[in-house]
Amino acid sequence: MQQFIDAAPGVRLWTEQRGAADAAPLLLIMGAQATGVGWPEPLVDALAEHHRVIRYDHRDTGRSTWSFEELPYRIADLAEDVIAVLDGLGVGRAHVVGMSLGGMLAQMVLADHPDRLLSATLIGTSALSSTPYTRADGSTVPVDELPGIAPEVLELWARPVEDHGPTAEVERRIEHWRVLAGDQLPFDTAYFRALEHRVIEHTGHHRTGTAHGRAEHEGMLRTDRLAANEVPTLVVCAPAEPVFPPPHPQHLAQCVRGASVVEIPGMGHALPPTVLGPLAAAILAHTGAAAD
């Protein structure tokens, strides 16, 4: 079932629900400039066997309002959109699963609205905390000395995006996914091509947005509140992650009180077919335990 909700004056967000209406709600929060249909269909279907799964398009993605030029916003506003989606769909509390920027938004909701969450799963993201990372030997590493984004990713992100038509844009996005997926699993070109065709069909155009990169990022740290967390939280570790490589997941789990870590073999900063089964199993084990 698809539905639009009003998140703020002049801002409407596209949402979709799948699964039994009386099942425990689970909200999927995608990354920067990514639509809700970026969550792979097999993963959504697997989760919907046990949950009322909700996914949505961020502002300036998909079928939601593209309004940054006229109505600039902060990343913190995108976190409040999470609450607006829950309110608009009549959901009091939900499990949330956030990937990349979505994982940061989930952390902000953990900190600011813990009463709205049943559990949280954080994928491919970094801690919104200034707490140093503590190694196994007890030594510490300041946050700004943790491993950075891989050079090949930064090089791709530095290239200007030029409009050479939808076919060329799909190929550009496939190359982007090839780098983000890491080097531990075979790359499925046909799968990611089909994904991007779905995204373009859903959105209605092939333009690439830049709003989330330009939105105000200040005020995102939640160090003390994450350290006092009481919401069951799972951190997914992706060993081939080129954006937030290990030990970022371990650091995140240290910063969010009570968090646990699960590793998905071969996973990078993407959701190829090979990882969907193990990822769904990990999420469902976590949400099931949180419900007990």
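# A tour from the central strands outward

Start with Ile123 of β6 and Val236 of β9, which stand opposite each other. The model is a predicted one, and residue numbers count from 1 along each chain.

**Stop 1: strand β9.** Select residues 233-237, the span of β9. Which residues cover its two faces? Thr233, Val235 and Cys237 are on one side, Leu234 and Val236 on the other, and all of these are buried. Buried here means under 20% relative accessible area. Because five of the five residues of β9 are buried, the strand is largely enclosed by the rest of the structure.

**Stop 2: the neighbours of β9.** Add residues 117-123, which form β6. β6 and β9 run parallel and are joined by four bridges. Besides the pair at the start, look for Thr121, whose bridge partner in β9 is Leu234. Then add residues 260-263, strand β10, which pairs with β9 in the parallel sense, again over four bridges. In this pairing, Val235 is opposite Val261 of β10.

Now show helix α9, residues 248-255. Together with β9 and β10, α9 makes a right-handed β-α-β unit.

**Stop 3: the cis peptide before α9.** Select Pro246 and Pro247. The peptide bond from Pro246 to Pro247 is cis, with omega near 15°. Most residues other than glycine have a negative phi, and most peptide bonds are trans. Pro247 is placed in the loop between β9 and α9.

**Stop 4: β6 and β5.** Go back to β6. Six of the seven residues of β6 are buried, so this strand too is largely enclosed by the rest of the structure. How many bridges join β5 to β6? There are six, and the two strands run parallel. One pair to display is Met99 with its bridge partner in β6, Ile123. The chain passes from β5 through α3 to β6 in a right-handed β-α-β crossover. Ile123 is therefore a useful residue to keep labelled: its partner in β5 is Met99, and Val236 of β9 stands opposite Ile123.

**Stop 5: His95.** Stay on β5, residues 94-99, and select His95, which is part of this strand. Is His95 buried or exposed? Its relative accessibility is 3%, so it counts as buried. Draw the distance from the side chain of His95 to the side chain of Ser119: the two make a polar contact at 2.6 Å.

**Stop 6: the largest pocket.** Rolling a probe the size of a water molecule over the atoms shows where empty space is left. The largest pocket has a volume of about 1,400 Å³. Its lining has 47 residues, and those nearest its centre are Ala32, Gln33, Ala34, Trp157 and His176. The elements that give two or more residues to this lining are α3 (101-112), α4 (151-158), α5 (166-180), α6 (189-203) and α7 (211-214). Colour α6 separately, since it gives the most, with seven residues. Colouring the lining by class shows 23 nonpolar, 17 polar and seven charged residues.

**Stop 7: the second largest pocket.** This pocket has a volume of about 290 Å³. It is lined by 15 residues, and Met104, Ser126, Ala127, Leu128 and Val143 are the closest to its centre. By class, the lining divides into eight nonpolar, six polar and one charged.

**Stop 8: two residues with positive phi.** Return to Gln33, one of the residues nearest the centre of the largest pocket. Gln33 is not a glycine, yet its phi is positive, about 60°. The residue is in the loop between β3 (25-29) and α1 (41-48). With a relative accessibility of 25%, Gln33 counts as partly exposed.

Next select Asp60, in the loop between β4 (52-56) and α2 (75-88). Asp60 also has a positive phi, about 65°, although it is not a glycine. Its relative accessible area is 6%, so Asp60 is buried.

**Stop 9: Leu221.** End in the loop between α7 and α8 (223-227), where Leu221 lies. Leu221 is exposed, with a relative accessible area of 53%; the cut-off for exposed is over 50%. Draw a C-alpha to C-alpha distance from Leu221 to Val231: they are 10 residues apart in sequence and 18 Å apart in space.

Notes. This is a predicted model: local features need pLDDT of at least 70, side-chain atom pairs count only at pLDDT 80 or more; totals for chains, interfaces and linings use all residues. Side-chain values use heavy atoms; hydrogens and water are left out. Buried means under 20% relative accessible area, exposed over 50%, partly exposed in between (1.4 Å probe, protein chains only). Two strands pair if DSSP finds at least two bridges between them. A crossover is right-handed if, with the strands pointing away from the viewer, the path from the first strand over the helix to the second runs clockwise. On a 1 Å grid over the protein atoms alone, a cavity is a set of points where a 1.4 Å probe fits but cannot get out, and a pocket is an open set with protein on both sides within 12 Å along at least five of seven lines; lining residues have an atom within 4 Å of a point. Grid points are joined across faces, edges and corners, and a volume is the space filled by probe spheres set on the points. Ala, Val, Leu, Ile, Met, Phe, Trp, Tyr, Cys and Pro count as nonpolar, Asp, Glu, Lys and Arg as charged, and the others, Gly among them, as polar. A polar contact is a pair of N or O atoms within 3.5 Å; within protein, one must be able to donate a hydrogen and the other to accept it, and residues adjacent in sequence count only if both atoms are side-chain atoms.
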